[in-house]
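Hello,

Here is the structure I promised to pass on to you, and below it I have written out what was found in it. Please keep the view open while you read, and look up each residue as it is named.

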4 protein chains.
Amino acid sequence: MRLYHRQLSNGFCKGHVMIKVGIVGGTGYTGVELLRLLAQHPQAEVAVITSRSEAGLRVDEMYPNLRGHYPELAFSVPDVATLGACDVVFFATPHGVAHALAGELLAAGTRVIDLSADFRLQDAEEWAKWYGQPHGAPELLSEAVYGLPEVNREAIKTARLIAVPGCYPTAAQLGLIPLLEAGLADASSLIADCKSGVSGAGRGASVASLFCEAGESMKAYSVKGHRHLPEIRQGLRLAAGGEVGLTFVPHLTPMIRGIHATLYARVADTSVDLQALFEKRYAGEPFVDVMPAGSHPETRSVRGGNVCRIAVHRPQGGDLVVVLSVIDNLVKGASGQAVQNMNILFGLDERLGLSHAALLP
Amino acid sequence: MRLYHRQLSNGFCKGHVMIKVGIVGGTGYTGVELLRLLAQHPQAEVAVITSRSEAGLRVDEMYPNLRGHYPELAFSVPDVATLGACDVVFFATPHGVAHALAGELLAAGTRVIDLSADFRLQDAEEWAKWYGQPHGAPELLSEAVYGLPEVNREAIKTARLIAVPGCYPTAAQLGLIPLLEAGLADASSLIADCKSGVSGAGRGASVASLFCEAGESMKAYSVKGHRHLPEIRQGLRLAAGGEVGLTFVPHLTPMIRGIHATLYARVADTSVDLQALFEKRYAGEPFVDVMPAGSHPETRSVRGGNVCRIAVHRPQGGDLVVVLSVIDNLVKGASGQAVQNMNILFGLDERLGLSHAALLP
Amino acid sequence: MRLYHRQLSNGFCKGHVMIKVGIVGGTGYTGVELLRLLAQHPQAEVAVITSRSEAGLRVDEMYPNLRGHYPELAFSVPDVATLGACDVVFFATPHGVAHALAGELLAAGTRVIDLSADFRLQDAEEWAKWYGQPHGAPELLSEAVYGLPEVNREAIKTARLIAVPGCYPTAAQLGLIPLLEAGLADASSLIADCKSGVSGAGRGASVASLFCEAGESMKAYSVKGHRHLPEIRQGLRLAAGGEVGLTFVPHLTPMIRGIHATLYARVADTSVDLQALFEKRYAGEPFVDVMPAGSHPETRSVRGGNVCRIAVHRPQGGDLVVVLSVIDNLVKGASGQAVQNMNILFGLDERLGLSHAALLP
Amino acid sequence: MRLYHRQLSNGFCKGHVMIKVGIVGGTGYTGVELLRLLAQHPQAEVAVITSRSEAGLRVDEMYPNLRGHYPELAFSVPDVATLGACDVVFFATPHGVAHALAGELLAAGTRVIDLSADFRLQDAEEWAKWYGQPHGAPELLSEAVYGLPEVNREAIKTARLIAVPGCYPTAAQLGLIPLLEAGLADASSLIADCKSGVSGAGRGASVASLFCEAGESMKAYSVKGHRHLPEIRQGLRLAAGGEVGLTFVPHLTPMIRGIHATLYARVADTSVDLQALFEKRYAGEPFVDVMPAGSHPETRSVRGGNVCRIAVHRPQGGDLVVVLSVIDNLVKGASGQAVQNMNILFGLDERLGLSHAALLP
């Protein structure tokens, strides 16, 4: 089997820059998803991927969908020198790991795109409270850019350290921001009722994520307080220009990929054309799709794609706005958004490697 | 194979009344579920089951899980004389059918338990508005009893005509009623974000319910207005003793059975012990399970069982109460609740035929 | 919630023997399934259930589907004295555990029904070869009875130690035995292509059983040799009265429960009425359902039920017989069959606690 | 949202031929899959797509995953003049339709790639027997090329009319052909036990394909005789150079995409290195992946990809070879293979538009 994509695209693309990519902690679902997306990226090449536990194993031995794409790439023990020789390093690690390594890589002139939660919260103390350990690199927080391109595109262009938003936060913020920026919504009573596929829990062996535990069932979890709550709140605060009151209830849904955020906000003025507001807000965005009025976006319509689809409703003509916002948690909610950030960072067309259609059915 | 349940239980249960049951329209999921539950009911016997389209077919030819339970029962053409000879007739039909037949059966002295929407709304005009056709039997509305035992047990005991609540309305009402009856919740801003398994859409051949359309995906639907909205509102109005403002957003979830209702209500007084309130409200109820504080009920914990499990949360100590309420839409949300009504109606132990544990995993 | 089943059935069943049951290792799926089935058994009562890791935890805290059924039952540390006071002890343990304890319990006069593989193979050396450790109680092998009631009912009646067959072996043997007993099949070229739901892998936290690993995918496994191969071969050898050649290929299927065995056997004489042969073989069996000619049994038709449904085909009029045999791996393939053995052992109606219909859909 | 892929790739690919594509009957799953794959094909452009029932509807109104890819493409009424102006027309239609139209299109100089069964069988009478109607274009059979590139690549290059193989036939033939071509297998006793995802049944509204009917269950179907049997037999006959005896048992599996073929063949000579044989046979093939010895390919490893992954086993050192062969039924089993044929036909790199990695998880 010969699917080496680079050969194929090189036939078409001569004389282009090739970004040298490193990935730290590539054995999880965001890792394999980075590899899948970068395999079809015409201007990026994965030079190194690390995993302590799997060092020596070829990536396609762990992930057979990659057979024919990375015939020589194997996991290696993390090493700052090797990673520092890359143009950019993605962290697809549990929280805490990027804290320890990011500084050294930045010092070596490497850009860092962190898919973990390590640099998402601006406030180190709040981070410590929600993640149960001290923040390991508070000195980097001031320059970390929250990588939501629809909000921070300009800052991303010149960033050295990017914190890729979480999956729930991406879906929730993209759905609520237009209302808050416009000053329409009552910011004190927002509700995000979110439903996630099981891949959001990662590839770790846990009973709760077993097929026979998570299948054919639905449940809420972490109603008391989920780590994505402060992250969403932080983003909404910026949009609202002040404090927000948010209730966030995540649910586990028996599907592999997908987040469906159902967002509730009260509006004082019911005369505003919400459809027009959303369409205008996202008019130039390549990866936000404001669907026609009355639509009900399905998570499968974004499966494998880097798109957020949104629909706005005001049921029964009342003052409660219902926004439906769907993403693939592993793509626009993680690895796809990370690649989008990389494209912006390196001055490429933002859509490179991300322009494929979602897989339906 | 010899599983004829009656023989088995007759070995134990001598001298007991046997209720003669008729079922109209038994080819759908609520029909087969009635047959499954009644097969293990020691004091009920299905004498007749009708279906125009399948007349002549044995029930176990359509539903092989029933092989060994109803070796001689076949669908027959609906016939008032035969049905009128039953003690009770269940309607498991599309809306409109019970309108046409219920009156004649009542006149024959047969009790009617209607699983359809025909007699759920007290107001014939509202029914007509939501169901798109005139109400076919408005004269029966005044005596129709809404069959939610946790609210109407006394009225059910002497009813002739029972309207079994819908699936969403059962989960939503049981979760919100304690707050409204206690006058705690702001009745004007209630939200029911509900997630249903696909069996709620019935067994009709529709593209939207195909495995490849509904599988591995999540979506909201009917955000503009779902037929269960007026039914839930009517029940909540009674509990609140006045008008209520309710936003109801149903979602299609990739599982066969189950409803997960996530209910939001603002409370003025945050000092009330909600856990105690709910436990007290349902203390004597055989089929409502108020779970310990902090619980997250799973729909699979009620799969196949006639139970509603409820958990009450007040996240982050705020004034928004989140109630989680789960049922099996085909059991407590339809056929099981219908049998529970039958038990009450005929003076039996309410738990007869319904005391089995749910199927997990 | 008050669902205590015993109260209910005691209302009907006075003066009956009550079997005192112990369960060792009840935290897995066969454990919870035993509890589910015994909750509706009118003549058995779970007195003790053990688990070292979960000692002190109430069973319904681990398995919320049991809430209302065992309000006082909690896991305890295994203790021979307590277990020895039971009439019968079920082992729902990994292999090796019953080896260590069975002897003492038998000495105490307690019957042992072992759901693990510990006593299934008559040959201790073959056991050691497939399970990678020495057999821990070879002295008990001569009296261990293989608990397939359709073959060994008489021996079961007087057994002290019963080895409940594995899930694949139950489906495969029930499908092939009629052909072999009749001397019709070429015993040297049998094939069992079997498909199992994921619950067959148990409740242990393993990556391979995660929702995102096992979902939306199909694969064969252990093609080189699966531990159920020698067990099936042993049973078929007895039926054939001589050596058999069997190829067994198990597959992991994205469903929770169910085994579908597709069995292939060559017949020399194509004139025999296979349908009649199978119907006659299983004529008196309560839990084997020979379906009408031309049927295709579905695993869901036995979900939660203790039934094996079988259909016999001879495609294109050739000499290759295709037998389709389905069971619920957790019921007829494990806990249900264990209860069936208990019923036989204690002289009860074999169907007690097992006569409910399967859950469909 | 702006994802128009052509703009993107045109940035890279100047001066290349652009193939003008027509699609007849594009509303089903093979239709949307053609659109998904062609959206990322740098040298093909969908000019027209027809559907009588949906004429006027934009393709992305039916398939929201295509939003941003075909902003102006709508279904139109089939019209020979318009279709005849295309370089190639794909038929994604029920059987019979291509019979009626193919001749006219060929006369207009348009190449035809038929995804239906219309030209797969060389023998018009056998076609009539299995499809229950006379063959509508027997005069075209002699020039129809069976589009399995791994067998017919040379003939495809110069074909005017290509019959894309069925899904089961692709998986089964690729797995068995190496054994038959080498004269190793007993051609008289082949068995293909195949498991298909539900999308193989198409997007038609049928009860059997409902989520609640096909979900959480497994069953065989058409054991008596499936339409793909003669097609597989025809291909194997060519490989074997003589008659073959084949038993084919298809099964419905609760997943959306994927075919897992488990193939059984007896070999006389057990000394041959089967792994080497398979690797050599497919050494130059871009889309056949012979996995390392001992592998168990998963269908998800090819989800959305145009790959067939194969593993060869000889369990227990016996004379029965077990070949495991997996494809995505909608890609290598239909639309992907159709695009592969197009690439060959037009002298392009065979991998164009098909070089992306499969979606896992």
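**A helix in chain C**

In this predicted model, helix α5 of chain C, which covers residues 97-107, has buried residues that include A98(C), H99(C), L101(C), A102(C), L105(C) and L106(C). As you look along the helix, it helps to remember that an α-helix has 3.6 residues a turn, so residues three or four places apart point the same way. The buried residues of α5(C) pack against several other elements of chain C, and these are the strands β1 (19-24), β4 (88-91), β5 (111-114) and β7 (161-163), together with the helices α4 (80-84) and α6 (124-131). After α5(C) comes G109(C), a residue whose phi is positive, near 85°.

**An open sheet in chain A**

If you move to chain A, you will find an open sheet formed by seven strands, which are arranged in the order β3-β2-β1-β4-β5-β7-β6 and are paired in the parallel sense. At the edges of this sheet are β3 (75-76) and β6 (145-146) of chain A, each of which pairs on one side only. The pairing at one of these edges can be followed in detail, since strand β2 of chain A, residues 44-50, runs parallel to β3(A) and is joined to it over two bridges. Within that pairing, T50(A) is found opposite S76(A) of β3(A).

**Strand β10 in chain A**

Is strand β10 of chain A mostly covered or mostly exposed? Seven of the seven residues of this strand, which spans 246-252, are buried, and the strand is mostly covered. Both of its faces are covered, with L246(A), F248(A), P250(A) and L252(A) buried on one side, while T247(A), V249(A) and H251(A) are buried on the other.

Two pairings of this strand are worth tracing in the view. Strand β8 of chain A, residues 190-196, pairs with β10(A) in the parallel sense over seven bridges, and here K195(A) stands opposite H251(A). Strand β9 of chain A, residues 219-220, pairs with β10(A) in the antiparallel sense over two bridges, and in this case K219(A) has L252(A) as its bridge partner.

**Strand β10 in chain B**

In chain B, strand β10 (residues 246-252) is largely enclosed by the rest of the structure, because seven of its seven residues are buried. From β10(B), the residues L246(B), F248(B), P250(B) and L252(B) point one way, whereas T247(B), V249(B) and H251(B) point the other way, and all of them are buried.

Strand β8 of chain B, residues 190-196, runs parallel to β10(B) and is joined to it by seven bridges, with C194(B) having P250(B) as its bridge partner. Strand β9 of chain B, residues 219-220, runs antiparallel to β10(B) and is joined to it by two bridges, and there K219(B) stands opposite L252(B).

**Where chain C meets chain B**

How many residues of chain C are in contact with chain B? There are 54 of them, and they touch 54 residues of chain B. Between them, chain C and chain B bury about 4500 Å², and 63% of that area is on carbon and sulfur atoms.

Two salt bridges are counted between chain C and chain B. In a salt bridge between these chains, the side chain of R67(B) meets that of D289(C), at 2.6 Å from N to O. There are also nine residue pairs in polar contact across this interface, with both residues of each pair at pLDDT 80 or more. On the side of chain C that touches chain B, the elements that give two or more residues are α1 (5-12), α2 (29-39) and β12 (288-290) of chain C. The residues on that side of chain C divide into 29 nonpolar, 12 polar and 13 charged.

**Where chain A meets chain D**

The contact between chain A and chain D takes 54 residues from chain A and 54 residues from chain D. These two chains bury about 4500 Å² between them, with 63% of it on carbon and sulfur atoms.

The count of salt bridges between chain A and chain D is two. A salt bridge joins D289(D) to R67(A), and their closest N and O atoms are 2.6 Å apart. Across this interface, eight residue pairs are in polar contact, again with both residues at pLDDT 80 or more.

With best wishes

How values were computed
Residues numbered from 1 in each chain as written. Chains lettered and ligands numbered in written order. Predicted model: local features only at pLDDT ≥ 70, side-chain atom pairs only at ≥ 80, totals over all residues. Heavy atoms only, no water. Contact = heavy atoms within 4.5 Å. Buried area = accessible area lost by both parts, 1.4 Å probe. Salt bridge = Lys/Arg side-chain N within 4 Å of Asp/Glu carboxyl O. Polar contact = N/O pair within 3.5 Å; in protein donor to acceptor, adjacent residues only side chain to side chain. Helix = DSSP H or I, 4+ residues; strand = E, 2+ residues; numbered from the N terminus. Nonpolar A, V, L, I, M, F, W, Y, C, P; charged D, E, K, R; others polar. Pairing = 2+ DSSP bridges. Buried < 20%, exposed > 50% of the residue type's maximum accessible area, 1.4 Å probe, protein only.
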